[in-house]
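Student: Could you take me through one part of this model in close detail, and then show me how it connects with what lies around it?

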Amino acid sequence: MPLLNRAVDMQPEIAQWRRELHMHPELLYETHWTSAFVAEKLRSFGCDEVVTGVGRTGVVGVIRGRQGGTRCIGLRADMDALPIMEESGKAWRSQTPGRMHACGHDGHTAMLLGAARHLCETRNFAGAVAVIFQPAEEGGAGGLAMVQDGLMERFGIESVYGLHNEPGAPVGSFAIRTGPLLASVDTFAIEIRGVGGHAALPHFTVDPIFIGAQMVSALQGIASRNADPLDSLVVTVTQFHAGDAINVIPQSARLVGTVRALKKETRDMAERRIRETAQGVAAALGGSAEIDYALSRAYPVTVNHPKETALAVAVAKTVAGGKNVDPDCPPIMGGEDFAFMLEARPGAFIFMGNGDTPYCHHPAYDFSDEAIPYGVSYWVSLAETLLKPEDQ
Ligand SMILES: [Zn+2]
Ligand SMILES: [Zn+2]
């Protein structure tokens, strides 16, 4: 079974929704307009239940099949945008300066709405499908907020699936892997304290800039000397703030950075070594360091479960054709807060080609509307495959 005819027929309308969403980007948990748009659409399709306010601004729609059954699966899309000034030049560009759907969450939301509509029309399955629309994927841990709000228990969700567009991969292709697919994301800040003074009399000071410079170098040793070379770890210092005057050694300096890993043990090792390295270097040079780890809500590693990934591969192959599905793609060091849902329930996260577009988070990025029928077909086929009446 290739693309669903209905998904192809609905493409122009879903693209219209997508562009409307694109014009109204909202950040983190402030997805009030978007959540209302989603809830209104779900009600108009005839969802059996539409629940708003799950994990603050999350929305869940429940669609029950015609064939009895008690099982329930979750299909998840994200709704939030990014604080970026759009430069796509598209007619449907952001109407809010400094905010933009630069990660394609407008496309994810529109495709899952399209799938919900089709599933409401056909209901050709046993049990129920919960369509999950989450806020705050971009650093706000909205997925965790929904899980903590009882998402899985309230709707009896037994397994959960997610999808993300992938710029650079052809439209009509899918990629996935069993095990770690996306990295954990942690952030840290190091406050270095020294003794300020006259720039011409360094021997009366403890220079925090000198300490910070050694520290940045030493931190590079964690990935290159402490981590197994066959394992993946990124430790990047992204900010170094110190000093205001040309002739003054400041009292303090501040480093901020991010850590990405594909294994929990590596993630834990990196945290321990960042603390030891920062404190050790500062002490050796006469100052001190205070470390604030997990500055923002940290995301765990996104780990795909084997059985659910195999099912996702089989479904993607029916939709896109065997040669267009990579069942063992390399992991990516970016993070995803679907990781929290995969910690709560088994499931799988899949990439879907967005064609030759700028990468996610670029000001000229735009979701590819030609990809819509693939995403909708994947969701519908996944639901009908997982909830076959004979399996109940
Ligand atoms: Zn993103
Ligand atoms: Zn994203």
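Tutor: Gladly! Helices and strands here are DSSP runs, helices being H or I over at least four residues and strands E over at least two, numbered from the N terminus. The model is predicted, so to speak of a local feature pLDDT must be at least 70, and side-chain atom pairs count only at pLDDT 80 or more, while totals for chains, interfaces and linings use all residues. Residues are numbered from 1 along each chain as its sequence is written, chains are lettered from A and ligands numbered from 1 in the order in which they are written, and side-chain values use heavy atoms, with hydrogens and water left out.

Let's settle on helix H3, which spans 105-122, and begin with the metal. The zinc ion (ligand 2) has three protein donors, Cys 103 (SG), His 105 (NE2) and His 164 (NE2), at 2.1 to 2.4 Å. Donors are N, O and S atoms within 2.8 Å of the metal (3.2 Å for Na, K and Ca), and as water is not among the atoms, sites may look incomplete. Along the chain the donors are spaced C-x1-H-x58-H. Cys 103 also coordinates the zinc ion (ligand 1), which is 3.2 Å from the zinc ion (ligand 2). Because His 105 is in H3 and His 164 in strand S5 (residues 159-166), the pair ties together parts 59 residues apart in sequence.

Both histidines are buried, a term that means under 20% relative accessible area, with exposed over 50% and partly exposed in between (1.4 Å probe, protein chains only). His 105 has a value of 0%, and His 164 one of 7%.

Now follow H3 to where it packs on helix H10 (residues 372-386). Two packed helices are described by the angle between their axes and the distance between the axes. The axes of H3 and H10 come within 8 Å and cross at roughly 45°; axes are lines fitted to C-alpha atoms, for helices over the stretch in contact, and angles run from 0 to 180 degrees between N-to-C directions. H3 and H10 are therefore oblique to each other, given that under 35 degrees counts as roughly parallel, over 145 as roughly antiparallel, 65 to 115 as roughly perpendicular and the rest as oblique. Their crossing is right-handed: the near helix is turned clockwise from the far one by less than a right angle, whereas anticlockwise would be left-handed.

On the H3 side the contact (heavy atoms within 4.5 Å) includes Met 111, Leu 112 and His 118, and on the H10 side it includes Ile 372, Trp 379 and Glu 384. The contact residues comprise 9 nonpolar, 4 polar and 1 charged. Ala, Val, Leu, Ile, Met, Phe, Trp, Tyr, Cys and Pro count as nonpolar, Asp, Glu, Lys and Arg as charged, and the others, Gly among them, as polar.

H10 also meets helix H8 (residues 306-320), with axes that come within 9 Å and cross at roughly 130°. That angle makes H8 oblique to H10, and this crossing is right-handed. Among the residues that meet are Leu 311 and Val 315 in H8 and Tyr 378 and Leu 382 in H10. This contact divides into 9 nonpolar, 3 polar and no charged residues.

Finally, look just past the end of H3. Arg 123 sits in the loop between H3 and strand S4 (128-134). Arg 123 has a positive phi of about 50°, although it is not a glycine. With 15% relative accessibility, Arg 123 counts as buried.
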